Amino acid sequence: MKTVVYKIDNERKNREIIAEAGRILQEGGLVAFPTETVYGLGANALNADASAKIYAAKGRPSDNPLIVHIADMKALDNIVSEFPEKARKLADFFWPGPLTMIFRKTDAVPYGTTGGLDTVAVRMPNHTIALELIRSGGGYIAAPSANTSGRPSPTLAEHVLEDMDGKVDMIIDGGAVGIGIESTIIDMSGEVPVILRPGFINQSMIEAQIGPVQMDKTISRQVDATERPKAPGMKYKHYAPRADLTIIEGDEAAVVRTINSYADQYEAKGIQVGIIATDETAGLYQRGVVMSIGRRSDEVSISQHLFQVLREFDHTGVGVIFSESFSGGEMGLAIMNRLLKAAGHKKIDV
Ligand code: TXA
Ligand code: MG
């Protein structure tokens, strides 16, 4: 299959691109598109054959359900059989936005889209191109992150092309995404809402709207083979760069000293070292391939570049990578959830 890439830049051309992408989706094809979190790999969510193509293109295990993207609240009636009051409050406050809610599904949603589950994950993205594409594609677009299964999620169209060239019909290039890590997922199908995946919208922001919610216990630690996280995707190995990654956590001076000392040791053995630093600290490292992930004073600048930095190290010759830790702020849980997975949970406290 030939993959066409269209850059969204001017209004008249954009309408034609969205119309063509919509036709592809209605006919059961695949279109990758930007959202405010990461790029998505879209297919018609109500067509099991179209969803099956997503699993094939990503190499994704078939028990890992897809998120259905909608563009307006009316769309819920057809796919959700129970819509609790608390969910209405969250939708009113956070949609369109980086929050995915899980509900009991109707028969309109094929099991091929939900990985065999009786629930469906739904999200209304806060991104003009995504919303127009959803409308143009028939209103229900299943879209996982547009990466090969196991690789970092794409935050630029170039990342999508790297993984999906020849496997999808079209990639819409809308430039860099805003948030850079995937949406917060909350299960609204039980008695008490449960956060299954942390994201930009954190627990206290949600609790300010609907009162107490729980956190799935697998969020901040490694899942072992006997456990079943409620979001099936959370059990898979994820985001790992080719080089072995270790996180160094502690106060800034100790972290810099430790990373510099590891860099000396590895480079003495002829192994090139990668370092994930921040704008504030990048100048403090004397050796290695140093990449700044963003500004410590601005967490979104860190989440925005996290996956890009992990991908970029694969294009260098580094044999090991050391990263500073980013657990401090409001998005700390969400950022570290991804970074710890990428590191296979290797973290050294200094
Ligand atoms: O920000 C995002 O959410 C991006 C953009 C493209 O919207 N999408 C995304 O999709 O991250 P994906 O497929 O990469 O991650 C979806 C996660 C997986 O961990 C999956 O197991 C979980 O959501 N999930 C989907 N439906 C579920 C359900 N019915 N019950 C429990 N977990 C579900
Ligand atoms: Mg994903």
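Contact, as the word is used in these exercises, means heavy atoms within 4.5 Å. The structure is a predicted model, and each exercise below can be followed on it.

**Exercise 1. Determine how far helix α10 is enclosed, and which elements cover its buried residues.**

Solution. Begin with the length of the helix: α10 covers residues 299-313, and at 1.5 Å a residue its 15 residues should span 21 Å, which agrees with the 21 Å that separates its end C-alpha atoms. The helix nevertheless has a kink of about 40°, centred on H305.

Next, consider burial, for which the cut-off is under 20% relative accessible area. Eleven of the 15 residues of α10 are buried, so the helix is largely enclosed by the rest of the structure. On the N-terminal side of the kink centre these include E299, S301, I302 and S303, and the list continues with L306, F307, Q308, V309, L310, R311 and F313.

Finally, look for what lies against these residues: the covering elements include the helices α7 (157-164) and α11 (332-342), together with the strands β12 (244-249), β13 (273-277), β14 (289-292) and β15.

**Exercise 2. Describe how β13 is paired, and decide whether its faces are covered or open.**

Solution. Take the two pairings in turn. Four bridges join β13 to β15 in the parallel sense, and within this pairing I275 stands opposite F322. The pairing of β13 with β14 is also parallel and runs over four bridges, with S292 of β14 as the bridge partner of A277.

Then turn to the faces of the strand. V273, I275 and A277 lie on one side and G274 and I276 on the other, and since all of them are buried, both faces are covered. This fits the count for the strand, in which five of its five residues are buried.

**Exercise 3. Place E324 in the structure and identify what surrounds its side chain.**

Solution. First locate the residue: E324 belongs to strand β15, residues 320-324. With a relative accessible area of 2%, E324 is buried.

Next, ask what the side chain meets. A polar contact of 2.6 Å links the side chain of E324 to the side chain of T281. When neighbours within four places in sequence are left aside, the residues in contact with E324 include I247, I248, V255, I259, I276 and A277, as well as T278, Y285, R296 and L339.

**Exercise 4. Work out the place of β6 in its sheet, and state which strands stand at the edges.**

Solution. Start with the whole sheet, which is open, has eleven strands with mixed pairing, and follows the order β1-β8-β2-β3-β7-β4-β6-β5-β9-β10-β11. The edges are formed by β1 (4-7) and β11 (214-215), each of which has a single partner strand, so one side of each is left without a neighbour in the sheet.

Now consider β6 itself, residues 119-123. Strand β4 (residues 67-69) runs parallel to β6 and is joined to it by three bridges, with V68 having V122 as its bridge partner. Strand β5 (residues 99-104) pairs with β6 in the antiparallel sense over five bridges, and here F103 is partnered by V120.

To finish, examine the side chains: T119, A121 and R123 point one way from β6, V120 and V122 point the other way, and all are buried. Elsewhere in the sheet, β3 and β7 run antiparallel and are joined by two bridges, N44 having I141 as its bridge partner in β7.

**Exercise 5. Examine the ends of helix α2 and its buried residues.**

Solution. At the N-terminal end of α2, N47 acts as a cap, with a side-chain oxygen 2.9 Å from the backbone nitrogen of D49. Just after the helix, G59 takes a positive phi of about 70°.

Between these points, the buried residues of α2 (residues 48-58) are A50, S51, I54, Y55, A57 and K58. Elements that cover them include β3 (40-44), α5 (111-114), β7 (141-142) and α7.

**Exercise 6. Find the nonpolar cores and name residues that belong to them.**

Solution. The largest nonpolar core has 64 residues, and those with the most contacts inside it are I70, M101, I172 and I206. A second, separate core has 27 residues, among them I181, L245, I321 and I335.

Note on methods. Residues numbered from 1 in each chain as written. Chains lettered and ligands numbered in written order. Predicted model: local features only at pLDDT ≥ 70, side-chain atom pairs only at ≥ 80, totals over all residues. Heavy atoms only, no water. Buried < 20%, exposed > 50% of the residue type's maximum accessible area, 1.4 Å probe, protein only. Pairing = 2+ DSSP bridges. Polar contact = N/O pair within 3.5 Å; in protein donor to acceptor, adjacent residues only side chain to side chain. Core = buried A, V, L, I, M, F, W, Y, C linked by side-chain atoms within 4.5 Å. Expected span 1.5 Å × (residues − 1). Bend = angle between axes of the 7 residues up to and from the residue.
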